[in-house]
Amino acid sequence: MEGLVTLQEWAEQCGYSYNYVLNIMPRHYPGFPEPKVRRKGDVGKGGGSGNNLYDPAELERFRPRRPDPVELPDEDLVKRVTLSGFAALIGVNSSNVTQIKNHRPDTLPPTIEGQRQWYPGARYHVRDLLLMWNSRPGRGRGSDKRRPPLPWQHTDPH
């Protein structure tokens, strides 16, 4: 059990709220890991599992790359929005989000229709855009090397 963490410990390390990590992420983020060790009180349905132990390496791809990651309520994560609609939802200027289609289109998730390229009126799942947004590595030379691969990005093993 050495090296494993609870979701509460991981949330504190990342800047997410414990409630968000415990109740929202496992339900809305595809590929969110299962615990390595289930502890007493776990009901296996999201509640009561805060003491379960997780492998931090498996949680790494869900770690935000900036302080104060954006969290949205459960009902917003199931919405389908345009890039501008997502910007309004998280309270930032739309150009902060829409510029991604020009500067880093590889980081955009697939549209709700499964398209890999942006097109006018393209709609996305909010949960995917939020994962992309919180994974931005920040400014500076080599910042993209600090970005972990997103679930929809293919990594070259060579």
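Which residues of helix 8 are buried? The legends below take up that question first and then move through other close-ups of this predicted model.

**Figure 1. Helix 8 and its buried residues.** Welcome to the first close-up, which answers the opening question: the buried residues are Val126, Asp128, Leu129, Leu130, Leu131, Met132, Trp133 and Asn134. Helix 8 is therefore described as mostly covered, since under 20% relative accessible area is the mark of a buried residue, and 8 of the 9 residues in this helix are buried.

**Figure 2. The largest nonpolar core, with helix 8 as a main supplier.** This core gathers 35 residues, and Trp10, Met25 and Phe86 have the most contacts inside it. At least two core residues come from each of helix 1 (7-14), helix 2 (18-28), helix 5 (83-90) and helix 8 (126-134). Helix 8 gives the largest share, 6 residues.

**Figure 3. Phe86 and its partners.** Here we stay with one of the core residues that have the most contacts inside the core, Phe86. Leaving aside residues up to four places away in sequence, Phe86 touches Leu72, Val81, Val97, Val126, Leu129, Leu130 and Trp133. Among these partners, Val126, Leu129, Leu130 and Trp133 are also found in the list of buried residues of helix 8. The ring of Phe86 has its centre 6.4 Å from that of Trp133, with the planes at 70°, so this pair is edge-to-face. Phe86 belongs to helix 5 and Trp133 to helix 8, so the link spans distant parts of the chain, 47 residues apart. Both partners are covered: Phe86 is buried, and Trp133 is buried as well.

**Figure 4. Phe32 and Phe62, a tilted ring pair.** A pair of aromatic rings is described by the distance of the centres and the angle of the planes. The structure holds 5 aromatic pairs, and one of them joins Phe32 to Phe62, tilted, at 5.2 Å centre to centre and 55° between the planes. Phe32 sits in the loop between helix 2 and helix 3, while Phe62 sits in the loop between helix 3 and helix 4, so the pair ties together parts 30 residues apart in sequence. Phe32 and Phe62 are both buried.

**Figure 5. Rings in a group, and a charge over a ring.** Two further aromatic sites share this panel. Trp10, Tyr16 and Tyr20 make up one aromatic cluster; Trp10 is also among the residues with the most contacts inside the largest nonpolar core. At the other site, the charged end of Lys101 sits over the ring of Trp118, at 4.8 Å from the ring centre.

**Figure 6. Arg27 and Asp74, a salt bridge between two helices.** Side chains of opposite charge can pair when their charged atoms come close. There are 7 salt bridges in the structure, and in this one the side chains of Arg27 and Asp74 meet at 2.7 Å, N to O. Arg27 is in helix 2 and Asp74 in helix 4 (residues 74-77), so the pair ties together parts 47 residues apart in sequence. What about exposure? Arg27 counts as exposed, because its relative accessibility is 53%, whereas Asp74 counts as partly exposed at 27%.

**Figure 7. Two salt bridges, Lys36 with Glu58 and Glu34 with Arg38.** The side chains of Lys36 and Glu58 meet in a salt bridge of 2.9 Å, N to O. Lys36 lies in the loop between helix 2 and helix 3 (56-59), and Glu58 in helix 3, so this bridge ties together parts 22 residues apart in sequence. Both ends are partly exposed, Lys36 at 49% relative accessibility and Glu58 at 30%. Glu34 forms another salt bridge, with Arg38, and the closest N and O atoms are 2.7 Å apart. In that bridge Glu34 is exposed at 51%, while Arg38 is partly exposed at 46%.

**Figure 8. The whole protein, for orientation.** To place the close-ups, here is the overall picture: the protein has 8 helices and 2 strands, and from the N terminus on they run α-α-α-α-β-α-α-α-β-α. Buried residues make up 41% of the 158 residues. Of the contacts with a separation of 6 or more, 60% are between residues 24 or more positions apart. The accessible surface comes to about 9100 Å², and 47% of that surface belongs to carbon and sulfur atoms.

How values were computed. Residues are numbered from 1 along each chain as its sequence is written. This is a predicted model: local features need pLDDT of at least 70, side-chain atom pairs count only at pLDDT 80 or more; totals for chains, interfaces and linings use all residues. Side-chain values use heavy atoms; hydrogens and water are left out. A nonpolar core is a set of buried Ala, Val, Leu, Ile, Met, Phe, Trp, Tyr and Cys residues joined through side-chain atoms within 4.5 Å. Buried means under 20% relative accessible area, exposed over 50%, partly exposed in between (1.4 Å probe, protein chains only). Helices (H or I, at least four residues) and strands (E, at least two) are DSSP runs, numbered from the N terminus. Contact means heavy atoms within 4.5 Å. A salt bridge is a side-chain nitrogen of Lys or Arg within 4 Å of a carboxyl oxygen of Asp or Glu. Rings of Phe, Tyr and Trp (its six-membered ring) pair if their centres lie within 6.5 Å; planes under 30 degrees apart count as stacked, over 60 as edge-to-face and the rest as tilted. A charge sits over a ring if NZ of Lys or CZ of Arg is within 6 Å of the ring centre and within 35 degrees of the ring normal. Accessible areas come from the Shrake-Rupley method with a 1.4 Å probe; for residues, only the protein chains shown count as cover.
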